[in-house]
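User: I am learning how terms in structural descriptions are justified. Please explain them to me for the structure shown here.

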Amino acid sequence: MLRLTIGQINPTIGDIDGNLALMRAAARKAASEGAQMVVFPELSLTGYYPGDLLDEPGFLAAIEHGLEAARAASRETPDLYWVIGAPVTRSGPGKRLQNALLVLHQGEAVLRYAKQLLPTYNVFDERRHFEPGPDVARILKIGSTRVGFMICEDGWNDAGTDYAVNPFERLADAAPDLVVSINASPSNLGKRAQRHALFTAASRRNRLPILYVHQVGGHDQLVFDGASFAATPDAGVVFEAKQFEEDIVTLVFENGDFLQNDCSAFPGPVAETLSPMAFYRKQIVLGLRDYARRCGFKKAVVGCSGGIDSALTLALAVETFGAENVTAITMPSRFSSEGSVSDSERLCHNLGIELLTHPIREIVAAFESGFAQATGAAPQGLTLENLQARVRGTILMEYSNEHGHLLLTTGNKSEISVGYCTLYGDTNGGLGLIGDLYKTEVFELCRHINAAEGREVIPLAIIDKEPSAELAPGQKDTDSLPPYPVLDDILKHLIEGDRLGPSEQETVQARMADLIATDAGRALIARIKGMIGRNEYKRRQAPPILRLRSRAFGSGRQMPIAARHTF
């Protein structure tokens, strides 16, 4: 029998002392519950992913001090084995670091295993800093249990399609009683189910029980959802830790099965999968909360247009910070409708937040006059539209600078994709909450929030109105764009393609087939593809966007700016 504790912690990148404090607290709890082993996530000492901090000599020295402190801390719980993740140095040709798993016991590192498979796709770039470990299995006997170890990506190639090496094969040859995998697997829609399916299949194929320990928390664009789990060859996933929360929980492993710490069986199946809208809501709130906390922000400000994007952003900000810590600013122009102001007032009343009014008519007029005097002609058309957006962006940054609020941008994925936004205007800010939600999903999430809260948090007048930037007389989004349901299908096809979930992919493919069957449809697809390509320069200068889907703008989609998109 082996008692083992899942240390599902929320480490901060670079905060080695703080991360070690989290591990020490978890280890003390594990020891008090009679555990023989406590397991922490991948790179738990530094947080995942440190990026080019790993090129800084001072940071490397801090890691060495941290490893020594971790070894010393393990002496405080002499009967407990600590399984931690950390960058470690190596000798020989190649990179000087490895992404390693260390088992610490009574002040000594009794096992070291280096990650073999280093991902370089999507948001990952581990080969930039790490050298792969050798194709060997590492086994440690704790009590009467033989434990094998692996790190995250090592467990994702059991089908053998992505890498030449399959670490599961070596582990199966070594015949451990239990496999412990430490992980930092960024969350996106459908990822939890993907993990369950993949590791359950690997467990069955190799006849190996698996403990999957994961981190939780937000780091820049990425959010980690926790949900560590245990799987057995016969039963699949039998236990799952909390989603989107830290969780320190002790299990018993005996005769190939996982039990509760009192040795009783788990009460039933793991939690149901969240609906897409519930998932988006939890992921955004956790990502915003940790981004603000780690960057030193306690309050937020949002430009409130009376439209659906700013309404959703404000609702999510209130859920994260509390109503008393969120400020909305409405900035009507000569083109703003009466409903925009009244809808903003009603929204802020429903949310219980302060609404400031800062009209921009006179400011814009001054810019128009000054430009005309300097150039001989007043700004017209798109120039005037963008001027209004940039005046608003300047006012919002002015408030952020003066009061120390985090400015949240309100662009959605549909508009960001095709450049329906203004640089240095509505793209101003520190973080985009809904930039990985298509416009149709924005509407759906608003309705979900209202239904979940049992009241009209976001006024139906906002949800039901026809979208408009209100930068010109009678302007509607459909003046420049196809209807959002059509646009979103095209964008999903062009941006995400086969990365879509099976049911969504089937739906999108069917609709795309209808479009491709007509000349007008093919021309529309080509036009949207060109718009995506031409507006890469805007996305490159925009704030980071919380990643919700499998392919988000940012580090997971690296496209050139100066390129031709004629293919």
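User: What makes β5 and β15 the edges of the open sheet of 7 strands?

Analyst: In this predicted model, the strand order of that sheet is β5-β4-β3-β2-β1-β14-β15, with mixed pairing. β5 (108–114) and β15 (257–260) each have a single partner strand, so one side of each is left without a neighbour in the sheet. Direction ignored, neighbouring strands here are turned by 35 degrees against each other on average.

User: How do you know that β3 and β4 are paired, and in which sense do they run?

Analyst: Pairing requires at least two bridges between two strands. Strand β3 (residues 81–89) and strand β4 (residues 97–105) have 8 bridges, in the antiparallel sense, so they meet the requirement. Within this pair, A86 stands opposite A100.

User: What makes helices α1 and α2 count as packed on this sheet?

Analyst: Their contacts with its strands do. Helix α1 (residues 16–32) touches β1 (2–8), β2 (37–39), β3 and β14 (247–254). Helix α2 (residues 57–74) touches β3, β4 and β5. The direction of α1 makes about 160 degrees with that of β3, and for α2 the angle with β3 is also about 160 degrees.

User: How is the open sheet of 5 strands arranged, and which are its edge strands?

Analyst: The order is β18-β17-β16-β19-β20, with parallel pairing. The edge strands are β18 (354–357) and β20 (431–432), each of which pairs on one side only. Helix α5 (residues 276–295) packs on this sheet and touches β19 and β20, with its direction at about 150 degrees to that of β19.

User: How do you know that β16 is paired with β19 as well as with β17?

Analyst: The same cut-off of at least two bridges applies. Strand β16 (residues 300–303) is joined to β19 (residues 406–409) by 2 bridges and to β17 (residues 326–330) by 4 bridges. Both pairs run parallel. Towards β19, A300 stands opposite L406 and V301 opposite L407; towards β17, the bridge partner of G303 is I329.

User: Why are both faces of β16 said to be covered?

Analyst: A300 and V302 lie on one side, V301 and G303 on the other, and all of them are buried. Buried means under 20% relative accessible area, so each of these residues falls below that limit.

User: Which elements make the right-handed β-α-β unit?

Analyst: β16, helix α6 (residues 308–321) and β17 make this unit.

User: Why is T320 called buried?

Analyst: T320 has 12% relative accessibility. The cut-off is under 20%, so T320 counts as buried. This residue is in helix α6. Apart from residues up to four places away in sequence, T320 touches V285, L288 and R289.

User: Why is G435, a loop residue, also called buried?

Analyst: G435 has 2% relative accessibility, which is under 20%, so the same conclusion follows. The loop that holds G435 lies between β20 and α11 (439–453). Beyond neighbours within four places in sequence, G435 is in contact with G411, N412, K413, I416 and I545.

User: How many cavities of 30 Å³ or more are there, and what lines the largest cavity?

Analyst: The count comes to 2 cavities. About 120 Å³ of space lies in the largest cavity. This cavity is lined by 13 residues, of which T409, I416, T427, A542 and P543 are the closest to its centre.

Key. Residues numbered from 1 in each chain as written. Predicted model: local features only at pLDDT ≥ 70, side-chain atom pairs only at ≥ 80, totals over all residues. Heavy atoms only, no water. Contact = heavy atoms within 4.5 Å. Axes fitted to C-alpha atoms, helices over the stretch in contact; angles between N-to-C directions. Buried < 20%, exposed > 50% of the residue type's maximum accessible area, 1.4 Å probe, protein only. Right-handed = clockwise from strand over helix to strand, strands pointing away. 1 Å grid on protein atoms, 1.4 Å probe; cavity = no way out; pocket = protein on both sides within 12 Å on 5 of 7 lines; lining within 4 Å. Points joined across faces, edges and corners; volume = space filled by probe spheres on them.
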